[in-house]
Amino acid sequence: VVVISVTEGDDKPIKYPHMIRAADLLLINKVDLAPYVNFDLERCIAYARSVKPGLPVMTVSATRGDGLAGWYDWLSGLAAA
C-alpha cells in the first residue's frame, strides 16, 4: 500500500513511479485538506493509473473519518486471504 497525502501534491505518483508500480492500493490521505492546497484528486489518480493501470485507489480523512470503513474492509479482506 502506498499512502500519499494531498499536502504532498497530485504529481507524487509520477515523481515516484517505482512505489506506484509496487503497490496493490493507493491510499490518498488528508482529503479534508484538499480545498486548502493545490491538489487535483482526478489528476493524481490519472497519474497513478498511467503508471499502473487499474490500480485501486481509496481516499480517506482520519480527521473526519471519510473512507475509513472501506480502508478497514480492505485490510480485513487482505488479512483473511
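## Starting at E8

Let's begin with a single residue in this predicted model. E8 counts as partly exposed, because its relative accessibility is 37%. Its side chain forms a salt bridge with K12, and the closest N and O atoms of the two lie 3.2 Å apart.

What about the partner, K12: is K12 buried or exposed? With a relative accessibility of 17%, K12 counts as buried, since the cut-off for that label is under 20%. K12 belongs to helix α1, which covers residues 12–15. Leaving out residues up to four places away in sequence, K12 touches I4 and M19.

## The other salt bridges

How many salt bridges does a search of the whole structure find? The count is four, and the E8 and K12 pair is one of them. Another joins the side chains of D11 and K15, with 3.7 Å from N to O. D11 is partly exposed at 25% relative accessibility, whereas K15 is exposed at 51%.

Further along the chain, R64 and D66 form a salt bridge too, with their closest N and O atoms 2.5 Å apart. Here R64 is exposed, with a relative accessible area of 53%, while D66 is partly exposed at 29%.

## The overall layout

Now let's step back to the whole protein. It has four helices and three strands, and from the N terminus on they follow the order β-α-α-β-α-β-α. The radius of gyration is 12 Å, close to the 12 Å that the globule rule gives for 81 residues, so the protein is as compact as a globular protein of that length. Along its principal axes, the C-alpha trace spans about 35 × 30 × 15 Å.

Of the 81 residues, 33% count as buried. The accessible surface comes to about 4800 Å², and carbon and sulfur atoms account for 54% of that surface. Contacts also link distant parts of the chain: among those between residues at least 6 apart in sequence, 68% join residues at least 24 apart.

## The sheet and a helix across it

In what order do the three strands stand in the sheet? They form an open sheet, ordered β1-β2-β3, with parallel pairing. At the edges are β1 (2–5) and β3 (57–59); each has a single partner strand, so one side of each is left without a neighbour in the sheet. From one strand to the next, the twist averages 20°.

Strand β2, made of residues 26–29, runs parallel to β3 and is joined to β3 by three bridges. On β3, M58 is the residue that stands opposite L27. Helix α3 (residues 41–51) lies across β1, β2 and β3, and runs at about 155° to β2.

## Where the chain begins

V1 sits in the segment before β1. This residue is partly exposed, with a relative accessible area of 48%. Which residues does V1 contact, once its neighbours within four places in sequence are set aside? They are L25, L27, W71 and W74. L27 is a residue we have already met, opposite M58 in β3.

The two residues V1 and L75 are 74 residues apart along the chain, yet their C-alpha atoms are separated by 10 Å.

Terms used
Residues numbered from 1 in each chain as written. Predicted model: local features only at pLDDT ≥ 70, side-chain atom pairs only at ≥ 80, totals over all residues. Heavy atoms only, no water. Buried < 20%, exposed > 50% of the residue type's maximum accessible area, 1.4 Å probe, protein only. Helix = DSSP H or I, 4+ residues; strand = E, 2+ residues; numbered from the N terminus. Contact = heavy atoms within 4.5 Å. Pairing = 2+ DSSP bridges. Axes fitted to C-alpha atoms, helices over the stretch in contact; angles between N-to-C directions. Rg over C-alpha atoms; globule rule 2.2 N^0.38 Å. Areas by Shrake-Rupley, 256 points an atom, 1.4 Å probe, with all protein chains shown as cover.
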